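Let's walk through the charged pairs in this fold and see which parts of the chain they hold on to. Keep the viewer open and pick out the side chains as we go.

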Amino acid sequence: FQFKLIGFFFICIILLFISTSKQITGISNSEFFFLSGFTEINVCCVYGSNCTLSCSFRQETDDLYWYYITRTGQVNVHSFYKNRDQLDHQDPSFNGRTSLVEDQVTGRKTALMLKKVKVQDEGKYKCFVSNHDGYILREEVFSPVQTVDMVTSGNSITCSSEGIYPKPELTWSSSPQSSNTVQQTEEKLYNISSSMKLSDMDGDQLNCTVSTRFNNFTSTWMKPSEEHNSINKIQDGHYPYC
């Protein structure tokens, strides 16, 4: 009986603590999710396009801050306070490329529109208001494989694709696999190519596939017969989420 009484006493203490906590905070569990700590979200952005980074706050706010997190700290991406955009301290790499737009969840202008996305934009962003916590958004940039070219010269065939991000892979349908040449441009995009001997191909058809984890593209070359042209076709053109 004594142990039951002690157990009942502790249960009462716990229930009292929970009730008191709710009275102090004045927020529900769903609201607490938005306000306690930084919630991390993944976002995929297509290279060269405009991309929206969401930032949802249920409460009204007069100020909003967006920062890009670096290895040594953070830089200002976009700030809003005193009823207007404040861009005096904006990092030069974002000049003329940011604006606040309506968030799809709340309808308030807290989402960041990032224009003409670069590979260098990839990384973590933080949005927050002065009196509450906020969000960490991890932006991943990708430039899809859009075409794969196959060109023959004598007994050799070369497969190539350009303007891709992240770093792609190239595979042949015949063995052995040839080594790939990968180059990175000033825009941080990748060009990839590979060559092999036609005498090494298995059968009358040769496939070359260039792929990233976002999408892949396959080009098919057939030995000359009635048709003398290579045939290009998309094997998988959809872009999955991060």
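What follows is a tour of the salt bridges, with a stop at a threonine at the end.

Bear in mind that this is a predicted model, so every distance here is computed from predicted coordinates. The salt-bridge count comes to 3.

Start with R97 and D121. Their side chains meet in a salt bridge, with 2.8 Å from N to O. Where do the two partners sit? R97 lies in the loop between β5 (84-86) and β6 (98-102), while D121 belongs to the loop between β7 (109-114) and β8 (123-128), so this pair ties together parts that are 24 residues apart in sequence. Now check how much of each residue is accessible. R97 has a relative accessibility of 7%, and because buried means under 20%, R97 counts as buried. D121 is buried too, with a relative accessible area of 3%.

Next, move to E140. Which residues does E140 pair with? One partner is R138, and the side chains of E140 and R138 meet in a salt bridge at 3.0 Å, N to O. The other is R213, whose closest N and O atoms to E140 are 2.0 Å apart. That second pair links distant parts of the chain: E140 is in strand β9 (residues 135-142), R213 is in the loop between β15 (205-211) and β16 (216-222), and the two are 73 residues apart. Put the pieces together and you get R138, E140 and R213 linked in a network of salt bridges.

Is E140 buried or exposed? E140 is buried, with a relative accessible area of 8%. R138 has a relative accessibility of 35%; the partly exposed class runs from 20% to 50%, so R138 counts as partly exposed.

For the last stop, go to strand β16, where you'll find T220. T220 comes out at 4% relative accessibility and so counts as buried. What does the side chain of T220 touch? A polar contact of 2.9 Å joins the side chains of T220 and N207. While you're there, look across to D149: T220 and D149 are 71 residues apart in sequence, yet their C-alpha atoms are 9.3 Å apart in space.

How values were computed
Residues numbered from 1 in each chain as written. Predicted model: local features only at pLDDT ≥ 70, side-chain atom pairs only at ≥ 80, totals over all residues. Heavy atoms only, no water. Salt bridge = Lys/Arg side-chain N within 4 Å of Asp/Glu carboxyl O. Helix = DSSP H or I, 4+ residues; strand = E, 2+ residues; numbered from the N terminus. Buried < 20%, exposed > 50% of the residue type's maximum accessible area, 1.4 Å probe, protein only. Polar contact = N/O pair within 3.5 Å; in protein donor to acceptor, adjacent residues only side chain to side chain.
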